Amino acid sequence: NSLKALKDTLTMLSIDSTMVSIEFSNNVNGDFMDLSDFPHLKVLSLKNTSVKGNLLDIDEHHFPQLQSLSLPDQVYGGDGYKFQ
């Protein structure tokens with residue numbers, strides 16, 4: 001139940017999603033940056049999952065359309081940040 005597997009599945013199905021919301025599932029794990037190169041992703045919500053990572057890993061080319069990001073507490077800098 002990793003984010004990398006989710007990304008591979010969405011890519012294989014050619015789903016051009018603008019919103020990914022996975023919440024309240026400790027079975028979902030991985031690094032939120034595994035989803036950083038979806039070009040049309042506007043909303044990413046991973047609250048109350050086992051996802052990890054660091055907001056400082058985001059560069060200007062990551063998440064190019066992202067408007068809202070909700071991350072679990074174990075992500076450094078996480079817990080409901082929104083982009084302006």
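Guide: A helix here is a DSSP run of H or I with at least four residues, and a strand is a run of E with at least two, numbered from the N terminus. By that rule the protein chain runs α-β-β-β-β-β-β from the N terminus on. That is one helix and six strands. The model is predicted.

Visitor: What makes strand 3 and strand 5 a pair, and in which sense do they run?

Guide: Pairing takes at least two bridges. Strand 3 (residues 43–45) and strand 5 have three bridges, in the parallel sense. The cut-off is met, so they count as paired. One bridge links S45 to S70 in strand 5.

Visitor: Which strands make up the open sheet, and in what order?

Guide: Three strands form it, in the order 1-3-5, with parallel pairing. Strands of a sheet pair through backbone hydrogen bonds.

Visitor: Why are some called edge strands, and which are they?

Guide: Strand 1 (19–21) and strand 5 (68–70) each pair on one side only. From one strand to the next, the twist averages 5 degrees.

Visitor: How do you know whether H62 is buried or exposed?

Guide: Its relative accessible area is 16%. Buried means under 20%, so H62 is buried. H62 sits in the loop between strand 4 (49–54) and strand 5. Across the protein chain, buried residues make up 35% of the 84 residues.

Visitor: What makes the link between H62 and H61 a polar contact?

Guide: The distance is 3.4 Å, side chain to side chain. The limit is 3.5 Å, and residues adjacent in sequence count only if both atoms are side-chain atoms. Both conditions hold, so the contact counts.

Visitor: Which backbone nitrogen lies 2.8 Å from a polar atom of the H62 side chain?

Guide: The backbone nitrogen of D59. Leaving aside residues up to four places away in sequence, H62 also touches M33, S36 and D57.

Visitor: How do you know that F32 is buried, and what group does F32 belong to?

Guide: F32 is a member of the largest nonpolar core, which has 18 residues. A nonpolar core is built from buried residues, so F32 is buried. F32 is among the members that touch the most other members, including L3, L41, L44, L46, F63 and L71. Beyond four places in sequence, the residues F32 touches include L3, L46, V51, L55, I58, F63, L71 and V75. In soluble globular proteins, nonpolar side chains tend to be buried together.

Visitor: What share of contacts between residues at least 6 apart in sequence join residues at least 24 apart?

Guide: In the protein chain, 49% do.

Notes: Residues numbered from 1 in each chain as written. Predicted model: local features only at pLDDT ≥ 70, side-chain atom pairs only at ≥ 80, totals over all residues. Heavy atoms only, no water. Buried < 20%, exposed > 50% of the residue type's maximum accessible area, 1.4 Å probe, protein only. Contact = heavy atoms within 4.5 Å. Axes fitted to C-alpha atoms, helices over the stretch in contact; angles between N-to-C directions. Polar contact = N/O pair within 3.5 Å; in protein donor to acceptor, adjacent residues only side chain to side chain. Core = buried A, V, L, I, M, F, W, Y, C linked by side-chain atoms within 4.5 Å.
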